Amino acid sequence: MSRRLAGLLFLCAGAIGAARSVEGAAPRWLELTVRQPITVATQEYLASGLEEAKHGGFDGVLIELDTPGGSLDATRAIVEGFLASDVPIIVYVSPAGARAGSAGVFITMAANLAAMDPASNIGAAHPVSSNGKDVEAEAGKEMARKVENDTAAFARSIAKTRGRNVDWAEKAVRDSVSVTAGEALKLHVVDLTAKSVPDLLADADGRTVQTAAGARVLHTKGATLEPFSMSIRQQLLSLLADPNLAAILMLLGMAGIGLEFYHPGAIYPGAIGALLLLLGLLATEVIPVNLGAIILLLVGAGLLITEAFISFHGAAGLLGAVCLLLGALLFVNKSSPDYQFAPGAWQISPVVVWPTPIALALIMFFVAVKVAQTRRRPSVVGVPGLIGQHAEALTEITPTSGEIFLHGEYWQARSEEPVPKGASLRVISVDGLVARVAVEKKATAG
């Protein structure tokens, strides 16, 4: 009995010790980093991070944010995920000099705890077009009013849900208000400022926040941060979110396919071109692209290819180059609602808009000219290609019989004059499977 009692006490002591060990363990927080425009890739990345934190037993999610803005649809999906999360979320606008611009305003305000580096800023969420103009100037007065009212209501609902400054949230949309971290703290736009992640974790510890599962006390002091990276798919989508890269991929893809048309059987230009074109088309799912621009690019490439097969004296090639240029200029859809949150996120560089289509058109036109010149040359394959070729007499060649060695093959041959065995010959003509030959004349000095 005494042994059993001792054993039971030992087990109880072990269980109590284990419980204390778990209780004393450092909190685990999942750390995500967003340093790019908000796109579908960002949405998938943050959603997968929240899932990992929920199923991995993490105490919360820390998101370090620096963004100029981005897609409206992606931003709405991210905010919905934040508001439905059972796991506490901290958004930290950092490092020094970072910004939560446009779409970043909504993401920051949707966090359970919003923090900023003292040298960062937040705001300017008024919908604008890609070149910085007002929506009204690009898409009309009614569209501008619709987009602005919808966006303002979106901002107010987030601020009200999280208990933040509703009036400022609406001004950020309607008046493009932007404030420093210190001003944001005074206006109750964010909850705290911190110079570093350790300072943030120390200041956030013990605060109570409201999650979808109810009130939660943040345990952040001495927390262990586990970085969470984008998947390969998300990295690819993020890379393709650059409209400059998307436009170049489509142009190069069409160039590769065009070269395959010029030189059938080359395989590599066509295969690589198809892959690049596929990646370019995949980018259209990430960024707001004008369908008409894609059609112009395809028509332009088709006209350049046509110029190589049917001579239009350069007219088709010139028109193709114009189509390519217009397609690059109109590549991004300025009237798309997804486009309204990031003035600089979707701009195509003039370096891509002007030189790239022109250079591509010149290259394809040059190849077309070379192909046309090649087609006008005499054929060097088949029977015509044998005329004038060197041959060796394997037997005596007479007007009625003989055998020669020509191009690695044995041929029947005839000659107007008898030719001895071993003589060097030239092919004059080919009649069926019989070659007409003559003695190869040698150059004489003087």
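Nine salt bridges are present in the structure, which is a predicted model. One of them is formed by the side chains of Arg28 and Glu226, with a nitrogen-to-oxygen distance of 3.0 Å. This pair links distant parts of the chain, since Arg28 belongs to strand S1 (residues 28-34) and Glu226 to strand S11 (residues 224-227), 198 residues apart. Neither partner is buried: Arg28 is partly exposed, with a relative accessible area of 28%, and Glu226 is likewise partly exposed, with a relative accessible area of 27%.

A further salt bridge joins the side chains of Arg233 and Glu44, with N and O at 2.7 Å. Arg233 is located in helix H10 (residues 232-240) and Glu44 in helix H2 (residues 40-55), so this contact ties together parts of the chain that are 189 residues apart in sequence. The acidic partner, Glu44, is partly exposed, its relative accessible area being 23%.

Arg156 and Glu170 also form a salt bridge, in which the closest N and O atoms lie 3.4 Å apart. Because Arg156 lies in helix H6 (residues 141-162) and Glu170 in helix H7 (residues 166-174), the pair ties together parts that are 14 residues apart in sequence. Arg156 counts as partly exposed at 30% relative accessibility, and Glu170 counts as partly exposed at 22%. The two residues belong to a network of salt bridges that links Glu148, Arg156, Glu170 and Arg174. In general terms, side chains of opposite charge can pair when their charged atoms come close.

Burial of nonpolar side chains was examined in helix H9 (residues 197-204), where Val197, Leu200, Leu201 and Ala204 are buried. These residues lie on the same side of H9, because they cover an arc of only 95° around the helix axis. Such an arrangement can be related to the geometry of an α-helix, which has 3.6 residues a turn, so that residues three or four places apart point the same way. The cover over the buried residues of H9 includes strand S2 (60-65), strand S3 (89-93), strand S5 (113-116), strand S8 (192-193) and S11. Strand S11 is also the element that holds Glu226, the partner of Arg28 in the salt bridge to strand S1. After H9 comes Gly206, which has a positive phi, near 90°.

A polar residue with little accessible surface is found in the loop between strand S14 (409-414) and strand S15 (424-431), where Ser415 is located. Ser415 has a relative accessible area of 5% and is therefore buried, as the limit for this class is under 20%. The side chain of Ser415 reaches the backbone oxygen of Glu417 at a distance of 2.7 Å. Apart from residues up to four places away in sequence, Ser415 touches Ile397, Thr398, Pro399 and Val437.

At the surface, Leu318, Leu319, Val322, Leu326, Leu329 and Leu330 make up a nonpolar patch of about 520 Å². One of these residues, Leu319, lies in helix H14 (residues 315-329). Leu319 counts as partly exposed because its relative accessibility is 46%, a value that falls between the limits of 20% for buried and 50% for exposed residues.

Conventions:
Residues are numbered from 1 along each chain as its sequence is written. This is a predicted model: local features need pLDDT of at least 70, side-chain atom pairs count only at pLDDT 80 or more; totals for chains, interfaces and linings use all residues. Side-chain values use heavy atoms; hydrogens and water are left out. Patches are made of residues with over 30% relative accessible area and no salt bridge: like charges are joined within 9 Å, nonpolar side chains (Val, Leu, Ile, Met, Phe, Trp, Tyr) within 5 Å. Accessible areas come from the Shrake-Rupley method with a 1.4 Å probe; for residues, only the protein chains shown count as cover. A salt bridge is a side-chain nitrogen of Lys or Arg within 4 Å of a carboxyl oxygen of Asp or Glu. Helices (H or I, at least four residues) and strands (E, at least two) are DSSP runs, numbered from the N terminus. Buried means under 20% relative accessible area, exposed over 50%, partly exposed in between (1.4 Å probe, protein chains only). A polar contact is a pair of N or O atoms within 3.5 Å; within protein, one must be able to donate a hydrogen and the other to accept it, and residues adjacent in sequence count only if both atoms are side-chain atoms. Contact means heavy atoms within 4.5 Å. The arc is that of the directions from the helix axis to the C-beta atoms.
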